[in-house]
Amino acid sequence: MLNRIVAACAVSCTVLAAWLTAPAPAGAAEVTIRFPIEYSLDITPGLANQEFKKLVEERSKGRVEVKLFPSGNLYKGLDLLQALLRGDAEMTTLISAYWSSLSPRLAVSELPYAFPTAASFYKAIDGGFFQEAYSEVEGKGAKLITVLPFDYLVPGTKNTPLRNPRDMAGLKMRGLGRVNLAMLQSLGATPVSLNFVELSPAIQQGVIDGLNVPTDNFLIYKWNESIKHVTYATYYVAFYPWMVNAKWWASVPADLRTIIEDTAKEVAIRHRVRAQSESDKAIEGMKAAGVNVHVQTPEERAAWIEATKPVWKQFEAQIGPDLLSRLQSYSK
């Protein structure tokens, strides 16, 4: 009996060893990228993420598989940031405000009118500004490979047109990040912190009077049914640092790492035209849906810049003079 048991174990162990050491099935991916995001794949950055997945899988000839998890279904907010740091996700495009919780000087890009034009923002990307700004994050487990642009976070309200800075007074406004919350407070609004997925019920239930979101969000999420006044103000540019887990990134074969990084950069640059086009379409769509859309005039912008100067002073020590000076060089 004992001999039969030993023989059976030997056969089982041989089968197990063969299974463990067998080559992967033909066509199996060498690298799997778990890529959770907070937003829908239907909004503008979601289209870029889908394009990235398609191109990387094609260019790697199936050696890389990209698994997208949209709409916060896997992780959202700070949980998503921590999942990337732990290695429970390999990649994400999580909006910039969350990263300043990890590296306080990243608040630099959230300063009011930090990038008053799209041209100043793209100049900063191409000039390596964000690589410098995010260098501190890499030592904590995440690495920036590029920047995915989106649009300005513009204010929309249920009942109040926003023309002058003082029009914010008394409104309950959803903000994003400490700097944006500080700006809203400095203008007399009551800032409210909410995750993206909490916004629809908050609007419907009157928890907030208004919010800052990119233009296409108003129509995609049907917020135009409640939000009737939108001002296209350039005080906060929304973008997604395209981040990877640093330890995982170092383990990816060099040729695949090149494909992944080059494709992300290519998609992000091409996305600039798409982002502007989608913003323009969203503005026209909101107008057609009966939303009062106002594009801030140069005079109005100057008044808002002046009114929000104290916020720059408030965060000067946190950000540091060198980064602030470099930021200001892109607007000249």
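This passage describes two sheets of the structure and the helices associated with one of them. The model is predicted, so that local features require pLDDT of at least 70 and side-chain atom pairs count only at pLDDT 80 or more, whereas totals for chains, interfaces and linings use all residues. Residues are numbered from 1 along each chain as its sequence is written, and side-chain values use heavy atoms, with hydrogens and water left out.

Helices (H or I, at least four residues) and strands (E, at least two) are DSSP runs numbered from the N terminus; two strands pair if DSSP finds at least two bridges between them. Six strands form an open sheet with mixed pairing, in the order S7-S6-S8-S5-S9-S11. Strands S7 (190-193) and S11 (292-295) each have a single partner strand, so one side of each lacks a neighbour in the sheet. Strand S9 (residues 229-232) runs parallel to S11 and is joined to S11 by four bridges; Tyr-232 has Val-295 of S11 as its bridge partner.

An open antiparallel sheet of three strands has the order S3-S10-S4. Its edge strands, S3 (91-93) and S4, each pair on one side only. Three bridges join S3 to S10, and Met-91 is partnered by Val-244 in S10.

In helix H4 (residues 118-126), the buried residues (under 20% relative accessible area, 1.4 Å probe, protein chains only) include Phe-121 and Tyr-122. The buried residues of H4 pack against helices H5 (129-133) and H11 (254-288) and strands S4 (142-152) and S10 (237-245), contact being defined as heavy atoms within 4.5 Å. Gly-128, which follows H4, has a positive phi near 80°.

How values were computed: Buried means under 20% relative accessible area, exposed over 50%, partly exposed in between (1.4 Å probe, protein chains only).
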